[in-house]
Amino acid sequence: MFELCASILAADFANLERDMRAANAAGVDAFHIDVMDGHFVPAISFGTGMVRTMERLTTKPLDVHLMVEKPLDFLPELEELGVKRVSVHYEIPGGPEAALVLNPETPVESALPYLAQISQLLLMTVYPGRGGQVYLPGSNEKIAAAKSLLQGQGSNTVIQVDGGITPGTLPGAYAAGARSIVAGSAVFYGNIYQNVCALRSEKAKP
């Protein structure tokens, strides 16, 4: 399995429809939407209104990442919109839900009590709240540890990674066990079609 999720945090908001069409044509598998409330992380990004907009611009799955203090408040509307994939942080009281997110400092063992409830484990490979950051050292080792943990539990949970993904960092993440890759700047900065092709061609390199 390999899935490329384009993070719209890096898209050109003045030309969002253009960028979405380009990413669709290039063959991304899903679109990642970072919802930030200015409390759990300092930044404020999107709300559910952006999810509604994205529903009109693409038929690809929407992968919603809730970086908010009260994620449960968002779930009824997201369910109404038909969103199937919602990631909630371990670090937030009330989480997790369908997918679990671990910040860089949170050990992978924290996911153990929730494995039966989740289908995706999102490992942040940067500190959340801002796009364009550099892939953190030690991330591949953490991915490998998560893969070992999941295998030891007989879990089919998919490992997703988010942050600092480029054609240079993607092969290591993939080799370590990540199968769903979130990329923002590496998709939307420059020629979108060429960027997506480059990411896909790099995935299996050692």
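Ile92 is found in the loop between β4 and β5 of this predicted model. The residue is buried, with a relative accessible area of 3%. Apart from neighbours within four places in sequence, Ile92 is in contact with Phe40, Leu66, Val68, Glu69 and Pro71. Ala25 lies elsewhere: Ile92 and Ala25 are separated by 67 residues in sequence and by 36 Å in space, C-alpha to C-alpha.

**The nonpolar core**

Leu66, a contact of Ile92, is also one of the residues with the most contacts inside the largest nonpolar core. That core has 56 residues, and the others named for their contacts inside it are Ile8, Phe31, Ile33, Ile143, Ile165 and Phe188. In soluble globular proteins, nonpolar side chains tend to be buried together. Beyond its neighbours within four places in sequence, Phe188 is in contact with Ala6, Ser7, Ile8, Ala10, Ala11, Asp19, Met20, Ala23, Phe31 and Asn195. Ile8 and Phe31 thus appear both among the contacts of Phe188 and among the core residues listed above.

**Helices with a buried side**

Three helices are described here by their buried residues. The table lists these residues with the arc that they cover.

| Helix | Buried residues | Arc around the axis |
|---|---|---|
| α1 (16-26) | Leu16, Asp19, Met20, Ala23 and Ala26 | 130° |
| α2 (residues 48-57) | Thr48, Met50, Val51 and Met54 | 145° |
| α7 (residues 192-202) | Ile192, Asn195, Val196, Leu199 and Glu202 | 135° |

An α-helix has 3.6 residues a turn, so residues three or four places apart point the same way. In α1, the buried residues are Leu16, Asp19, Met20, Ala23 and Ala26; because they fall within an arc of 130° seen down the axis, they line one face of the helix. Arg21 and Ala25 are exposed on the other side of α1. The buried residues of α1 pack against β2, α2, α6 and α7. Just after this helix, Gly27 takes a positive phi of about 100°.

In α2, Thr48, Met50, Val51 and Met54 are buried, and their arc of only 145° puts them on the same side of the helix. Their cover includes α1, β2 (30-36), β3 (62-67) and α3 (75-80).

In α7, the buried set comprises Ile192, Asn195, Val196, Leu199 and Glu202, and an arc of only 135° places these residues on the same side of the helix. Tyr193 and Gln194 are exposed on the other side. What covers the buried residues of α7 includes β1, α1, α5, β8 (180-183) and α6 (185-188).

**Aromatic pairs and the surroundings of β1**

The model has 3 aromatic pairs. In one of them, the rings of Phe2 and Tyr174 have their centres 5.8 Å apart and their planes at 70°, so the pair is edge-to-face. Phe2 lies in the segment before β1 (3-7) and Tyr174 in helix α5 (residues 170-176), so this pair ties together parts that are 172 residues apart in sequence. Both Phe2 and Tyr174 are buried.

Another pair joins Tyr90 and Tyr114, whose ring centres are 6.2 Å apart with planes at 70°, so it is edge-to-face. Tyr90 lies in the loop between β4 (85-89) and β5 (99-102), and Tyr114 in the loop between β5 and β6 (120-124), so the pair ties together parts that are 24 residues apart in sequence. Tyr90 is partly exposed at 34% relative accessibility, and Tyr114 is partly exposed at 22%.

Arg179 lies over the face of Tyr174, at 3.9 Å from the ring centre. Arg179 is also in contact with Glu3, a residue of strand β1. Glu3 is buried, with a relative accessible area of 12%. Leaving aside neighbours within four places in sequence, its other contacts are Asp29, Ala30, Arg85, Gln160, Ser180 and Ile181.

**Cysteines**

The count of disulfides is 0. A disulfide is a covalent bond between the sulfur atoms of two cysteines. The sulfur of Cys5 is 17 Å from the closest cysteine sulfur, that of Cys197, which is too far for a bond; the cut-off is 2.5 Å. Cys197 is accordingly in no disulfide. Cys5 is buried, with a relative accessible area of 0%, whereas Cys197 is partly exposed at 33% relative accessibility.

Notes. Residues numbered from 1 in each chain as written. Predicted model: local features only at pLDDT ≥ 70, side-chain atom pairs only at ≥ 80, totals over all residues. Heavy atoms only, no water. Buried < 20%, exposed > 50% of the residue type's maximum accessible area, 1.4 Å probe, protein only. Core = buried A, V, L, I, M, F, W, Y, C linked by side-chain atoms within 4.5 Å. Contact = heavy atoms within 4.5 Å. Helix = DSSP H or I, 4+ residues; strand = E, 2+ residues; numbered from the N terminus. Arc of directions from axis to C-beta. Phe/Tyr/Trp six-rings, centres within 6.5 Å; stacked < 30°, edge-to-face > 60°. Lys NZ or Arg CZ within 6 Å of the ring centre and 35° of its normal.
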